[in-house]
Structures are given as structure tokens and as C-alpha cells.
Amino acid sequence: MSGETTDVPVLVAGAGPVGMTAALALHARGIETAILEAEPEDRDRSGSRAIYVHGTTLRTLERIHPGLGTDLVDEGLVWPTRRTLFRGKEVFNRTYDSAGGSGDIPHFTSVPQVVTERYMHEALDQIGIDIHWESEVVSVDSSSEGVRVETADDQEWWTEYLIGADGGGSTVRKEIGSDFEGDQSENAFIIADIEDEEIEDGHPDLERMFHYDAPETDGRNVLLVPFTGGWRLDIQCIEGDDPEELSSEEQMREFVRDIMGEEYTDGLKWISTYHFLQVMADSFVDDQRRVLLAGEAAHLLAPFGARGMNSGVADADEAASAIAVALNARTDAVARDEVELYAARREKAAEYNLGAAGQALEYLQGDDPVTVLRKEVAAEMSDYFETAGEWLDDAPYGPHGSPPIVSTGNY
């Protein structure tokens, strides 16, 4: 170590959307902070990743940094049509006159994560919060007085509270002795970005399309979602698939051609394969109640229902709120109680989100005869009862309700 120790009231580990939200939320509450990030400033951020920004998240971002939520709304787009097909047959199609609702903040916006991060970086620059790049956390030592953090660039930090938002491989989580518990998806998924510079917000043909057992992909499920600048194509692998072979550029160009049309094949820009994890930390805080986990450091969710980044933003805002109360508490006991309340609330939300995403995952990848029969019957009945088609349209994203916590919102 360098021998020098930097004191900061609150530290944030991780400069992704969750870590940056935490820093902005702390600043909004008058608390000085800094961000430690393991990667270099010019790190690769390719891929659209978390494209669905829920209205609750937009309102949170607008509250902690006025203009941030509306900037994302201006940059994003709202698709007006939901469409679902079952083995080539359309079973549901609904277009909304006002898909985003009314007011400055719509129900959602569809925008690549790199754009969200760019606006967050600009917000941090405006208020003077530093990101210390290539400052990977290597050790965390918490006590009743605070937290000592050592980083890979030979720096030592002392802080009263630490928010661990350093992703699924979180060093902070490991250092406080919290373990991930859960499992992963049986099937692999292929995700691709298709660039489309002519895509326009509010265009009547703009649609989110889900296709069960798509003939164009030899019976694999397909999800197609528009976002600013292009389209997200998700293909669910089936038993016996080799994800690496299917995700080759040649094969993906064929999928794009068959699903979207020949004119889109040259727009293929990014391909990735995943097995989705469904895990959460066994504790979101350390024994001393000085370290709080948020986002993927605390939970990893299958993406159905777009619960990942959105729940992480909720974590970050609530962590900042808990720390603000704890810093102003008259006794250590009150401060500890506030941090414990954070853990209780966000663990409950994570359990709900894991259950919701898991329900969608099981529905999509399972071969349960009852579920298969329900899908087939619903597809047959969709010609006569719109609710049957709407059930097929809704089911891949999990339940629409909120966690049993009044102020948490949707995530």
C-alpha cells in the first residue's frame, strides 16, 4: 500500500448503472462519495444489454438528478404494439394509441444500456463525483467504526459506509462472507443486436414480438424488441443445441433473414450466448452493518420482465436513503436498524423478482405436459377469446404485480 489513506464518507464499488445511481442518490441527499471501478475508462461496453427502462426507474433517476430521466425518455423509444405468434399463427396483437401513457415520464423507454450509462457519466461530471478507474477492490475490512478498503492500484480508503455494486463476481460480496444461492437456466439463450438507423419512436409498425416455437428457427422461441438504433433478437436454444455453433455469424445472419427479412442481415452487430443465473446473496449487508450490496452484487436474475437493472436502481436508491438516515442517527443502534431495514426490504424484493423471473423461465424452458397443453389450448382459443391470446402474450415475462413492499414500486 502507498501508506496514505483517503477518507470519504461513503464509497461505491462499481461504475455500472447501479453504482452510478448509488452515487447520484447519495449526492442528492447531500452525502459526499466516490466510485471505485476495476476496469479502465475505455472498457468495452458493446451490446445493448439492459434496454428496457421502467417508468419507476425513470422517475427515480429524475428525482435524484433532475433531467436524467427525461433525457433517457428523449433518447429512447416506446413501441406501441405487442404481438405474439404460436407456431406461425398470430394469437395476439394489440396497438396502443398512447403506449407510454401521459406526462413527461412514460411507462417505459427502450434504449441501449450504453446510452443510459453515458447520461449517468455526464450527470456525475456535472456534480463533480469522481470515478477512480482501474481501482479494483481487493479487500474489505469492516468494523463498528467504519470500513477500510484496499484497491489493486495500491490505495487505501476509509469510509463510514460502502455500497457494493461491483457486479455478479463482486469482491465486496465475497469479502463480507456473503454467498450466492440459486441455480441457472437449463437452456442457453442467444442474444443479438441488429442495427437499424431508420427506426423511429412512435412509428405504428414498431412492435415487440414474441414467437413460440417459431418455424423460422426450427421450433425455438424468439423474442424481438426494438430500441433506439436497432433491434434486440433473443433466441432460446432447445435440447441438443450447440450454442456456439448456432451463434456463429453465418447462422445468425440466416436467423435474421428468416425472422426479420433480408434487408436486416447486414445490420447484425453483436452476438452473445448466455445461461441465465437465478441467484441471490444470503445477506445483503455485513455483520457490522457498514457494507450494503446492490444490483448484481446482490442478485442475478433471468431477464424476463426486465428486472435486472431496474431492481438494481431501486436497490441503489434505497441503500443511499438508508445510509443518509444512518449517518444522521443519534445512536449506533438506530443506524444499524436502518441498514438492517434496507436488507430486509431489498432481500424481500429480490426474492419476489427471482420468483417472477423464475416463473417465466420455467414456463419458457419447461416440458411440463400441463403447461404445454395450456399453451396449445390457449393458441386454439385465441381466435374466439382475446384473453387466451393475451395470456400467451403476458406469460413469458412473469407476473406484473409488485413486491409486497409499499414504496418499492415494480422492482
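**Entry 1: Gly295**

I began with Gly295, which counts as buried at 3% relative accessibility. I was working on a predicted model throughout. I then placed Gly295 in the loop between β18 and β19 (299–300). What does Gly295 touch, not counting residues up to four places away in sequence? I found Val18, Gly312 and Asp315. I also looked up Thr159: Gly295 and Thr159 are 136 residues apart in sequence, and their C-alpha atoms are 20 Å apart in space.

**Entry 2: helices α8 and α9**

Asp315 took me on to α8, since Asp315 is listed there as a contact residue. I looked up how α8 (residues 308–327) packs with α9 (residues 332–365). The angle is about 170 degrees, and the axes are 8 Å apart. I noted α8 as roughly antiparallel to α9, because an angle over 145 degrees counts as that.

Next I listed the residues that make the contact. From α8 I have Ser311, Ala314, Asp315, Glu318, Ala319, Ala322, Val325 and Ala326. From α9 I have Ala335, Glu338, Val339, Tyr342, Arg345, Arg346 and Asn353. How many of the contact residues are nonpolar, polar and charged? I got eight nonpolar, two polar and five charged.

**Entry 3: aromatic pairs**

I searched the whole structure for aromatic pairs and got 12. I looked at Phe86 and Tyr212 in detail. Their ring centres are 5.6 Å apart and their planes stand at 50 degrees, so I call the pair tilted. Where do the two rings come from in the chain? Phe86 is in strand β4 (residues 81–86) and Tyr212 is in strand β13 (residues 207–214). The two residues are 126 residues apart, so this pair links distant parts of the chain. I checked burial for both. Phe86 is buried at 8% relative accessible area, and Tyr212 is buried at 1%.

I then took the pair of Tyr274 and Phe276. This one is stacked, with 5.9 Å from centre to centre and 10 degrees between the planes. Is each ring residue buried or partly exposed? Tyr274 counts as partly exposed at 31% relative accessibility. Phe276 is buried, with a relative accessible area of 10%.

Phe86 and Tyr212 came up again when I looked for clusters. They belong to one aromatic cluster with Phe210, Tyr363, Trp391 and Tyr397.

**Entry 4: charges over rings**

Tyr363 of that cluster has a charged neighbour: Lys375 lies over the face of Tyr363, at 4.5 Å from the ring centre. I noted a case with arginine too. The charged end of Arg173 sits over the ring of Phe180, 3.6 Å from the ring centre.

**Entry 5: loops**

I went back to the end of β4 and looked at Arg87. Arg87 is in the loop between β4 and β5 (89–95). Arg87 has a positive phi of about 50 degrees, although it is not a glycine. At 43% relative accessibility, I count Arg87 as partly exposed.

Arg289 also has a positive phi without being a glycine, here about 60 degrees. I placed Arg289 in the loop between β17 (277–281) and β18 (291–293).

My last loop residue was Ser170, between β10 (156–164) and α5 (171–175). Is Ser170 buried or exposed? I found Ser170 buried, at 0% relative accessible area. Ser170 and Asn187 are 17 residues apart in sequence, and I read 25 Å from C-alpha to C-alpha.

**Entry 6: Glu207 and Val73**

I returned to strand β13 for Glu207. Glu207 counts as buried at 17% relative accessibility. Which residues does Glu207 contact, leaving aside neighbours within four places in sequence? I listed Trp79, Thr81, Arg83, Leu224, Pro226 and Trp231. I also looked at Leu300, 93 residues from Glu207 along the chain, and got 28 Å between the C-alpha atoms.

I closed with Val73 in helix α3 (residues 68–75). Val73 counts as buried, at 17% relative accessibility. Not counting residues up to four places away in sequence, Val73 touches Leu58, Asp104, Ile105, Pro106 and Thr109. Val53 is 20 residues from Val73 in sequence, with 9.2 Å between the C-alpha atoms.

Methods. Residues are numbered from 1 along each chain as its sequence is written. This is a predicted model: local features need pLDDT of at least 70, side-chain atom pairs count only at pLDDT 80 or more; totals for chains, interfaces and linings use all residues. Side-chain values use heavy atoms; hydrogens and water are left out. Axes are lines fitted to C-alpha atoms, for helices over the stretch in contact, and angles run from 0 to 180 degrees between N-to-C directions. Helices (H or I, at least four residues) and strands (E, at least two) are DSSP runs, numbered from the N terminus. Angles under 35 degrees count as roughly parallel, over 145 as roughly antiparallel, 65 to 115 as roughly perpendicular and the rest as oblique. Contact means heavy atoms within 4.5 Å. Ala, Val, Leu, Ile, Met, Phe, Trp, Tyr, Cys and Pro count as nonpolar, Asp, Glu, Lys and Arg as charged, and the others, Gly among them, as polar. Rings of Phe, Tyr and Trp (its six-membered ring) pair if their centres lie within 6.5 Å; planes under 30 degrees apart count as stacked, over 60 as edge-to-face and the rest as tilted. Buried means under 20% relative accessible area, exposed over 50%, partly exposed in between (1.4 Å probe, protein chains only). A charge sits over a ring if NZ of Lys or CZ of Arg is within 6 Å of the ring centre and within 35 degrees of the ring normal.
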